[in-house]
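Here are a few short exercises to work through with the viewer open. Try each task before you read its solution.

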Amino acid sequence: MRYTGPKVRLSRRAGVPLTRKAVRYFEQRPYPPGEHGRKTSRRTTGDYGLRLMEKQKLRWYYDVSERQLRRYWDLAVRKPGASGAELVTLLETRLASVVLRAGLAPSIYAARQYVNHGHIAVDGRKVDIPSYLVKPGQVITVRERSRRMQPFVAAAEGIHADDRIAPYLSVDHADLRITLTHRPEREQITIPVDEQLVVEFYSR
């Protein structure tokens with residue numbers, strides 16, 4: 001199941017801010033949540049616990065369920081490249097991830113909601129599945145009827161955009177238009193996760 005509780009709580013459990021909003025809260029409370037959070041030491045975690053936490057961080061970062069992540073892992077190990085890099089690339093080409101990376105949404109949760117509610121089109125056709133895997137050359141746009149909504153008016157002004165757009169995306173914020181120019185390479189993806197530990201978790 002996907003986690004639906006307070007999102008900042010996940011960042012405190014993970015030990016790193018997983019969303020932009022969490023950065024400020026995490027600076028105020030950089031310890032795990034709960035009654036004994038201040039007394040908890042992450043350094044005492046064993047090898048299994050470290051690998052499990054990296055896997056959980058990857059899940060939470062992309063807002064996917066355990067079942068979904070396992071499915072992506074099964075796809076990744078069938079590909080010829082490094083399994084960890086392939087796993088991250090697959091997660092990065094999910095439609096919700098592309099919408100977030102392009103700066104059309106403030107968080108992965110908002111990106112998922114925009115897709116679920118039918119505001120996003122791929123090559124001119126509505127796609128309401130956040131896990132849809134975008135292929136190089138495909139064009140993602142905000143549907144015409146949704147463009148006057150406040151979140152997309154803000155996105156058109158570049159409010160949610162990173163200082164540097166992901167190099168595998170071509171983005172026109174004013175036109176609310178994204179093109180995946182090529183398949184992301186691992187070194188082009190910045191995430192607070194060591195995917196090698198995830199590989200070790202699934203390979204144990």
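A residue counts as buried under 20% relative accessible area, as exposed over 50%, and as partly exposed in between. Keep in mind that this model is predicted.

**Exercise 1.** Classify Tyr48 and Phe201 as buried, partly exposed or exposed.

Solution. Start with Tyr48: its relative accessible area is 46%. That value falls between 20% and 50%, so Tyr48 is partly exposed. Next, Phe201 has a relative accessible area of 6%, which is under 20%, so Phe201 is buried.

**Exercise 2.** Work out which kind of aromatic pair Tyr48 and Phe201 make, and what the pair ties together.

Solution. The structure holds 5 aromatic pairs. In this one, the ring centres of Tyr48 and Phe201 are 5.9 Å apart and the planes meet at 35°. Planes under 30 degrees apart would count as stacked and over 60 as edge-to-face, so this pair is tilted. Now place the partners: Tyr48 belongs to helix H3 (residues 47-62) and Phe201 to helix H9 (residues 195-203), so the pair links parts 153 residues apart in sequence. Finally, widen the view: Tyr48 and Phe201 form one aromatic cluster with Trp73 and Tyr202. Arg204 also lies over the face of Phe201, 4.1 Å from the ring centre.

**Exercise 3.** Find the strands that pair with E3, and the residues opposite Thr141.

Solution. Strand E1 (residues 120-122) runs antiparallel to E3, joined by 3 bridges, and Ala121 stands opposite Thr141. Strand E5 (residues 177-180) is also antiparallel to E3, again with 3 bridges, and here Arg177 stands opposite Thr141.

How values were computed
Residues numbered from 1 in each chain as written. Predicted model: local features only at pLDDT ≥ 70, side-chain atom pairs only at ≥ 80, totals over all residues. Heavy atoms only, no water. Pairing = 2+ DSSP bridges. Helix = DSSP H or I, 4+ residues; strand = E, 2+ residues; numbered from the N terminus. Phe/Tyr/Trp six-rings, centres within 6.5 Å; stacked < 30°, edge-to-face > 60°. Buried < 20%, exposed > 50% of the residue type's maximum accessible area, 1.4 Å probe, protein only. Lys NZ or Arg CZ within 6 Å of the ring centre and 35° of its normal.
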